[in-house]
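Student: Could we go through this model step by step, with each answer argued from the coordinates and closing on the value or name asked for?

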Amino acid sequence: MKSTAGNAGGVQKKKMNGYVGFSNYPNQVHRRSVKRGFNFTLMVVGESGIGKSTLINTLFDTKIFPDREEMPPSADAVKGVDVTSMSADIQENGVKLRLTVVDTPGFGDAINNEDAWQPILENIESRFDAYLAQENRVNRSKISDNRIDAVIYFIKPTGHCLRVIDIEFMKRLHTKVNLIPIIAKADTLTAGELEQFKAKILADINYHGIQIFKPVSDEFDDPETVAENREILSKIPFAVVGSEKYVARADGTQVRGRSYPWGIIEVENEDHNDFIKLRQMLLRSHMEELKDTTDMVLYENYRTQKLLSMGHVQDNGVFREFNPLVQMEEERRAHEAKMQKMEAEMSAVFQQKVHEKEAKLKQSEEELYARHKEMKSVLEKQRGDLEDKKKRAEASARPITPMEQHPTKGKKKNIFSGF
Amino acid sequence: MSAPEVQDYVGFDTITQQMERKFLKRGFNLNVILVGESGMGKSTLVNSIFSTHLVDSQGRRTAQEVIRKTTEISPVTQTLEENGVRVRLTIIDTPGFGDQCNNEGCWVPVIKYIKDQHAAYLARELKPFRDRIINDTRVHACLYFLNPGSRGLRPLDVEVLKRLTEVTNVIPVIAKSDSMTTDERTLFKRRVKEEMAFHRISVYPYACDDDVDEDRALNASIRDLIPFAVVGSEETIDVDGTVVRGRRHGWGVINIFDEAHCDFVHLRNFMLRTHLSDLIEVTAQRHYEQFRTSQLRQIKELRDQQSAAAAAGAVPPGAVVAQQQPPSAPLPHQPMAQA
């Protein structure tokens with residue numbers, strides 16, 4: 001499958017003649033993922049008694065949250081928002097899931113709930129931070145991912161628009177997590193009221209620019225998936241009812257539901273509530289997308305913001321290829337070049353110094369010679385002077401008798417003493 | 001000593017009819033305040049109790065509507081007539097109560113309103129020339145709406161109930177009780193009663209008012225039902241030929257008049273058919289008297305202070321005399337409003 005010279009960088013579509021077998025790759029991925037197991041972290045937020053524990057236990061058909069114990073009435077005020085998590089390893093058809101559910105008891109229960117989202121936001125960000133720290137480790141073979149994949153927010157079935165606390169919470173968290181708002185205790189609203197309520201909620205969400213998680217179809221999806229996604233989308237926000245108990249229907253069958261004096265509401269009946277749709281979206285069709293969005297979009301945005309705020313600047317030099325041999329060769333060459341340069345420099349300096357010294361010596365030599373000449377001439381002059389003086393002295397001493405030559409030996413003194 | 005026997009028919013037993021006639025002529029006032037968060041079903045319930053569309057829901061209907069920042073007091077007065085008996089019914093709604101993130105002090109406007117009505121009545125009572133019939137705007141009953149599904153009373157409920165029960169007759173109700181099964185309802189009621197006993201919150205009817213045996217039995221059964229788990233509805237639906245007030249779900253129909261479905265009938269009978277005059281009387285005898293006593297005591301203290309200051313300082317006696325006139329509104333009940 002060589003590319004022709006015409007499109008050196010382009011990708012061509014080629015047809016194969018027989019069965020090669022790489023289409024088995026997804027199965028390999030599947031087998032490996034199944035062996036490894038999955039993890040999924042869910043957070044539930046809503047005021048006390050709205051049905052968080054019941055819904056989780058109903059969704060996973062396991063008692064993840066134990067029954068609430070009855071505490072005697074006490075004068076203790078509600079102590080702020082707590083963030084607790086419960087993990088459970090559940091298995092279905094050979095697929096192992098480590099499910100972690102993070103509960104937020106105390107949210108919205110106090111008289112003053114002004115900063116009720118603060119502990120929750122901090123918890124979500126600290127999980128991002130933990131992952132970021134792990135990514136920057138030297139040994140990254142074991143990264144444990146406990147980032148929140150989705151937050152289920154429970155809305156009270158008031159029938160009016162969203163409350164202040166709902167709007168504030170969602171506005172602060174929608175860029176950090178996949179937000180899935182649901183209408184809790186949906187059995188209190190009639191079908192007509194529910195429709196109006198959902199419309200009001202969506203209007204409020206749009207008005208405040210809150211991004212909630214929605215299943216979207218792209219061009220690669222088959223028409224079935226597209227239809228499914230559209231159906232799910234039409235029911236958002238889901239109005240759900242949860243129940244761990246089984247009740248008997250009129251025909252005697254046992255179903256999960258709630259029994260009232262006026263009838264039975266079934267959890268898994270799509271005409272009664274949207275539980276099935278929620279379960280489908282959360283677990284059966286969009287779990288992977290939730291995890292993917294958390295990893296690729298939400299986490300990346302958080303990471304970028306965090307690094308920028310810490311002062312890191314994008315340094316593209318880091319991304320050049322690193323080959324150790326080439327690097328060593330380059331280093332050696334650089335080193336040699338440096339040495340040569342130093343050598344040349346030193347010899348140049350040396351030459352210069354020698355030159356200077358020579359010049360100096362020459363100069364001093366000339367000076368000495370000049371002085372020597374001068375001194376010689378002075379001496380000559382002095383000798384000349386002395387000769388002259390001698391001659392004059394001899395000439396003035398001529399009139400002396402010859403007799404005096406003998407006594408000159410002794411009278412020389414007298415003649416000369418006459419001076 | 002037994003009462004002496006009356007020989008002939010005297011006729012003083014017609015006093016009940018005389019009173020009735022006077023009552024029919026005059027009519028009476030009934031003032032009910034609704035306290036609860038938005039979306040609890042206050043308007044629907046009150047419209048159901050009186051079988052009339054009295055108040056509109058004040059909840060936020062569109063995203064563009066501004067969210068209220070404080071508790072507003074909006075009284076609506078209408079005159080209803082039934083069999084010649086006229087009632088001037090005032091329903092006081094409290095939109096904005098408990099709807100904020102920070103609900104500290106959201107009860108203050110409510111308490112202030114109730115006390116203002118007492119104060120207004122007191123002011124008119126203390127006038128030298130007072131009206132023969134004072135228009136009674138005092139709050140006779142307060143329907144306090146509890147949140148179904150909570151473990152019992154929330155911290156906000158405890159704070160507000162403590163203060164409300166001191167100034168008016170409080171009747172706790174759960175308006176949207178169709179989200180609770182029968183077992184959950186029983187558990188919730190028990191829980192609420194436990195917590196009210198723990199926090200010493202006494203709601204109407206009061207235990208000390210039971211003087212007659214039959215009253216005692218009735219009141220005991222009422223107290224057993226508290227808080228009333230009701231469902232409100234203004235719509236009528238057709239159930240197998242019969243027309244009932246209720247709600248239609250996909251899995252069943254709630255008939256609010258059915259005692260097995262909810263306590264609506266009990267609440268309505270209690271409020272209107274058995275304890276209506278008692279509510280008005282207790283307001284006058286207990287809450288108003290309490291208020292009056294504390295107010296007059298405060299006035300007396302103030303006066304004592306001022307006369308002491310006048311005796312000590314150089315305040316002219318004219319000022320002291322002026323204080324002895326009955327004070328016009330505003331009475332010094334503002335300090336109490338901080339409670």
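Student: How many bridges join β4(A) to strand β5 of chain A?
Tutor: This is a predicted model, and in it β4(A) and strand β5 (residues 179-183) of chain A run parallel. One of the pairings is that of Val151(A), whose bridge partner in β5(A) is Leu179(A). The number of bridges joining β4(A) to β5(A) is five.

Student: Which residue of β4(A) is the bridge partner of Val44(A)?
Tutor: Strand β4 of chain A, residues 150-155, pairs with β1(A) in the parallel sense over four bridges. Strand β1(A) is also joined by seven bridges to strand β3 (residues 95-103) of chain A, again running parallel, and there Val44(A) stands opposite Asp103(A). In β4(A), the bridge partner of Val44(A) is Ile152(A).

Student: Which strands of chain A are the edge strands of the sheet?
Tutor: The open sheet of chain A is formed by six strands with mixed pairing, and their order is β2-β3-β1-β4-β5-β6. An edge strand here is one that pairs on one side only, and in chain A that description fits β2 (84-92) and β6 (238-239).

Student: How many of the eight residues of β1 in chain A are buried?
Tutor: A residue counts as buried when its relative accessible area is under 20%. Strand β1 of chain A, which spans residues 38-45, is mostly covered by that criterion, and its count of buried residues is six.

Student: Is Val101(A) buried or exposed?
Tutor: Val101(A) is found in strand β3 of chain A, and its C-alpha lies 11 Å from that of Asn39(A), although the two are 62 residues apart in sequence. The relative accessibility of Val101(A) is 0%, so this residue counts as buried.

Student: How many residues apart are Glu47(A) and Arg163(A), whose side chains meet in a salt bridge?
Tutor: The side chains of Glu47(A) and Arg163(A) meet at 3.5 Å, N to O, and both residues are buried. Glu47(A) sits in the loop between β1 and α2 (52-59) of chain A, while Arg163(A) sits in the loop between β4 and α4 (164-173) of chain A. The pair therefore links distant parts of the chain, and the separation in sequence is 116 residues.

Student: What separation in sequence is spanned by the pair Arg258(A) and Asp187(A)?
Tutor: The side chains of Arg258(A) and Asp187(A) meet in a salt bridge of 3.1 Å, N to O, and both residues are buried. Because Arg258(A) belongs to strand β8 (residues 254-260) of chain A and Asp187(A) to the loop between β5 and α5 (191-207) of chain A, the pair ties together parts whose separation in sequence is 71 residues.

Student: What separates Lys112(B) and Asp116(B) in helix α3 of chain B?
Tutor: The side chains of Lys112(B) and Asp116(B) meet in a salt bridge of 3.1 Å, N to O. Lys112(B) is partly exposed with a relative accessible area of 36%, and Asp116(B) is partly exposed with 25%. Because the two residues are four apart in helix α3 of chain B, what separates them is about one helical turn.

Student: Which residues do salt bridges with shared partners join into one network?
Tutor: A search of the whole structure finds 41 salt bridges over all chains. Salt bridges that share partners join residues from chains A and B into one network, whose members are Glu47(A), Lys156(A), Arg163(A), Asp166(A), Glu37(B), Arg154(B) and Asp157(B).

Student: Does Arg132(B) count as buried or exposed?
Tutor: Arg132(B) lies in the loop between α3 (108-126) and β4 (141-145) of chain B. On the surface, Arg132(B) gathers with Arg21(B), Lys22(B), Lys25(B) and Arg26(B) in a patch of positive charge. With 81% relative accessibility, against a cut-off of over 50%, Arg132(B) counts as exposed.

Student: What accessible area do Met16(A), Val20(A) and Phe22(A) have together?
Tutor: Met16(A) lies in the segment before α1 (25-36) of chain A, and at 46% relative accessibility it counts as partly exposed. Met16(A), Val20(A) and Phe22(A) form a nonpolar patch on the surface, and their accessible area together is about 340 Å².

Notes:
Residues are numbered from 1 along each chain as its sequence is written. Chains are lettered from A and ligands numbered from 1 in the order in which they are written. This is a predicted model: local features need pLDDT of at least 70, side-chain atom pairs count only at pLDDT 80 or more; totals for chains, interfaces and linings use all residues. Side-chain values use heavy atoms; hydrogens and water are left out. Patches are made of residues with over 30% relative accessible area and no salt bridge: like charges are joined within 9 Å, nonpolar side chains (Val, Leu, Ile, Met, Phe, Trp, Tyr) within 5 Å. Accessible areas come from the Shrake-Rupley method with a 1.4 Å probe; for residues, only the protein chains shown count as cover. A salt bridge is a side-chain nitrogen of Lys or Arg within 4 Å of a carboxyl oxygen of Asp or Glu. Lys and Arg count as positive and Asp and Glu as negative; His and the chain ends are not counted. The place of a charge is taken as NZ of Lys, CZ of Arg, CG of Asp or CD of Glu. Buried means under 20% relative accessible area, exposed over 50%, partly exposed in between (1.4 Å probe, protein chains only). Two strands pair if DSSP finds at least two bridges between them.
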